[in-house]
Amino acid sequence: MKRFINDIKKFWNYTVYSVQSDLKAEVAGSFLSWMWWILDPLLYMLVYSFVAVFVFNSKEPYFPVFVFIGLNVWTFFSKTVKSGVKLIQGKKSIVTKVYIPKFVFIFDKIGVFGVKMFISFALTAVFMIIYRVPVTWKALWVIPLFLLLFIITYAVTTIITHFGVFVEDLLNVITVVLQLGFYVSGIFYSIETRILPKSELIGNILINCNPIALIMTDMRNVLLYNGEPHYIALAIWTVVGIVIAAIGTRTIYKHENSYVKVI
C-alpha cells in the first residue's frame with residue numbers, strides 16, 4: 001500500500017499530462033472537437049428512447065434522463081475495461097525504455113473516459129431541469145456512487161490488464177462479456193420495475209450481483225425518484241472492489257518485469 005501511494009504521488013503529474021495529451025489527440029482535426037463526447041451518448045439515448053417508448057411501450061418516468069444516466073455509467077466502465085486488454089502492449093515504446101508503474105496507465109484511461117463521462121453528466125443535469133425533476137438532498141449520494149464506480153472499474157481493469165498481456169484471445173472474450181453485460185445491466189429498462197415483479201430472485205441477482213447495474217439503479221433512484229440506495233449491497237461491493245483492486249495492483253507489481261519480456 002505504501003509503495004502504491006508513493007507511486008501515485010511520484011507519477012501524478014505524468015498521469016495528468018498523459019490524460020490531457022490523450023484528450024487533445026482524440027479531438028485533433030475533428031470539426032466538432034469535444035462535442036462528440038456529448039453527441040455520442042446523446043444520439044444513443046435518442047435511439048434507445050425511441051425503441052423503448054414507441055416499440056416496447058416503456059413508461060419509465062423521465063425516460064430520456066433514465067437512459068442517459070445508464071449509458072454514461074456503462075460507457076465509462078466498458079470502454080475503460082476493454083482498453084485494459086491491450087493496454088500494456090499499446091505502451092510498448094514506454095515500458096521497454098523507462099520504468100513507470102503499469103497501474104498508472106489504467107489511471108490514464110480512467111481519467112480520459114472519466115472526463116468524457118462528467119461532461120455528459122453535465123448534460124444530464126440540463127435534462128433534469130428541462131423535465132423538472134425534483135431534486136432532494138439524496139442526490140448527494142451520487143458522490144459515493146461515482147467513487148464506487150471508479151473503484152470497481154479500476155479493480156476489474158487491473159485484472160484484465162494483467163491477463164491481457166498473456167492471453168491473446170482475451171479481447172474477444174471481453175467483448176462478448178461486455179455485450180452481455182450491456183443487456184443485463186438495465187441500461188434502457190428498469191430492473192426494479194420490469195424484472196423484480198416477475199421474478200424477485202432474478203431481479204435481486206441482476207442488481208446485487210452486478211455492481212454496475214447496482215450503481216445505475218441507485219443513481220437513478222437518488223437523482224430521479226427521491227429513492228433510497230441499496231446501502232448493504234453498496235457497502236459489500238465497496239469492500240469487494242477494494243480487495244480486488246488491491247489484488248490486481250499487487251499482481252501487476254509482481255509481474256511487471258514479465259510484461260516487458262512478453263511484449
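**Entry 1: a pair in helix 7**

I began with Phe103 and Phe107, which are four residues apart in helix 7 (residues 103-130) and so about one helical turn from each other. The model I am reading is a predicted one. I looked up how the two rings sit: the centres of Phe103 and Phe107 are 5.5 Å apart and the planes are at 80 degrees, so I noted the pair as edge-to-face. An angle over 60 degrees is what earns that label. I then checked accessibility. Phe103 has a relative accessible area of 1% and is buried, while Phe107, at 21%, counts as partly exposed. The cut-off for buried is under 20%, so Phe107 does not meet it.

**Entry 2: other aromatic residues**

Next I looked at Phe182 and Tyr183, another edge-to-face pair, with 5.1 Å from centre to centre and 85 degrees between the planes. Phe182 is buried at 11% relative accessible area; Tyr183 is partly exposed at 46%. I found both residues again in one aromatic cluster, together with Trp74, Phe77, Phe188 and Tyr189. How many aromatic pairs does the whole structure hold? My search of it returned 20. I also looked for a charge over a ring and noted Arg220, which lies over the face of Phe66 at 3.6 Å from the ring centre.

**Entry 3: Asp108 and Leu23**

I went back to helix 7 for Asp108, which lies in it. Is Asp108 buried or exposed? Its relative accessibility is 2%, so I entered it as buried. Leaving out residues up to four places away in sequence, I listed what Asp108 touches: Thr15, Ser18, Val19, Asp22 and Lys91.

Leu23 belongs to helix 2 (residues 12-27). Leu23 is buried too, with a relative accessible area of 12%. Beyond its neighbours within four places in sequence, I found Leu23 in contact with Trp37, Val112, Val115 and Lys116. Lys116 is 93 residues from Leu23 along the chain, yet I read 9.1 Å between their C-alpha atoms.

**Entry 4: the core and helix 4**

I turned to the largest nonpolar core, which has 70 residues. Which of them touch the most other members? I wrote down Val73, Trp74, Leu149, Ile212, Met219, Leu223 and Leu224. Helix 4 (residues 63-84) supplies the largest share of this core, twelve residues. In soluble globular proteins, nonpolar side chains tend to be buried together.

I followed Ile212 a little further. Not counting residues up to four places away in sequence, Ile212 touches Val73, Trp74, Phe77, Leu149 and Ile152.

I then checked helix 4 by itself. Its 22 residues should span 32 Å at 1.5 Å a residue, and the end C-alpha atoms are 32 Å apart, so the two values agree. Of those 22 residues 19 are buried, so helix 4 is largely enclosed by the rest of the structure.

**Entry 5: the whole chain**

Last, I looked at the chain overall. I counted 13 helices and zero strands. The radius of gyration is 19 Å and the globule rule gives 18 Å for 263 residues; the values are close, so the chain is as compact as a globular protein of that length. Along the principal axes, the C-alpha atoms fill a box of roughly 55 × 45 × 35 Å. I noted that 48% of the 263 residues are buried. Among contacts with a separation of 6 or more, 79% join residues 24 or more positions apart.

Technical notes
Residues numbered from 1 in each chain as written. Heavy atoms only, no water. Phe/Tyr/Trp six-rings, centres within 6.5 Å; stacked < 30°, edge-to-face > 60°. Helix = DSSP H or I, 4+ residues; strand = E, 2+ residues; numbered from the N terminus. Buried < 20%, exposed > 50% of the residue type's maximum accessible area, 1.4 Å probe, protein only. Lys NZ or Arg CZ within 6 Å of the ring centre and 35° of its normal. Contact = heavy atoms within 4.5 Å. Core = buried A, V, L, I, M, F, W, Y, C linked by side-chain atoms within 4.5 Å. Expected span 1.5 Å × (residues − 1). Rg over C-alpha atoms; globule rule 2.2 N^0.38 Å.
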